[in-house]
Amino acid sequence: AIALAKSSMTEALPNSPNFNTDSYTRINQAAAATVDLVVSGANDDFAIYKITVTVDAANVVDLFWTDAANGNIEFIGELNFADVGSFVYDFDTSMLRNPNRQGGKLRMTTSTAANTVVDIIGHIVLAGQ
């Protein structure tokens, strides 16, 4: 009946995924190493909206959270590239937040000297938020 009438039906979405994505970071890495991607301050932590990982050759990339002293490791995931490629982690229904909170780090480990580019979009969350 609504489709045939000249009226409409609207619904408010109280948990709509409209996130403040005011933080953008790009990291280029061309060595087998462990690298800090985002380092939170003493009064803030980080929430990820999207991570894109692109490699120029075969590579294994581990993404993980740590605390300020590189302990308390919480893995996000491992990407095993057989050749050139890209992968996108998309946290569009709820931003992934560092479980170590203030002072924590988002880090990655790469297995080869292949050029690795990581783009991170997210939000710096102030203490108490």
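These exercises work through salt bridges in a predicted model. Local features need pLDDT of at least 70, and side-chain atom pairs count only at pLDDT 80 or more, while totals for chains, interfaces and linings use all residues. Residues are numbered from 1 along each chain as its sequence is written, and side-chain values use heavy atoms, with hydrogens and water left out.

**Exercise 1.** Find how many salt bridges the rule gives.

*Solution.* Start with the rule: a side-chain nitrogen of Lys or Arg lies within 4 Å of a carboxyl oxygen of Asp or Glu. By this rule, the count is five salt bridges.

**Exercise 2.** Work out which residues are linked with D36 in a network of salt bridges.

*Solution.* Step one: K105 pairs with D36 at 3.7 Å, N to O. K105 lies in strand β8 (residues 105–110) and D36 in strand β2 (residues 34–39), so the pair ties together parts 69 residues apart in sequence. Strands here are DSSP runs of E, at least two residues, numbered from the N terminus.

Step two: R107 also forms a salt bridge with D36, at 2.5 Å, N to O. R107 is in strand β8 and D36 in strand β2, 71 residues apart.

Result: D36, K105 and R107 form a network of salt bridges.

**Exercise 3.** Decide whether D45 and its partner R97 are buried or exposed.

*Solution.* First, the pair: the closest N and O atoms of D45 and R97 are 2.9 Å apart. Next, the cut-offs: buried is under 20% relative accessible area, exposed over 50%, partly exposed in between (1.4 Å probe, protein chains only). D45 has 0%, so D45 is buried. R97 has 25%, so R97 is partly exposed.

Key:
Helix = DSSP H or I, 4+ residues; strand = E, 2+ residues; numbered from the N terminus.
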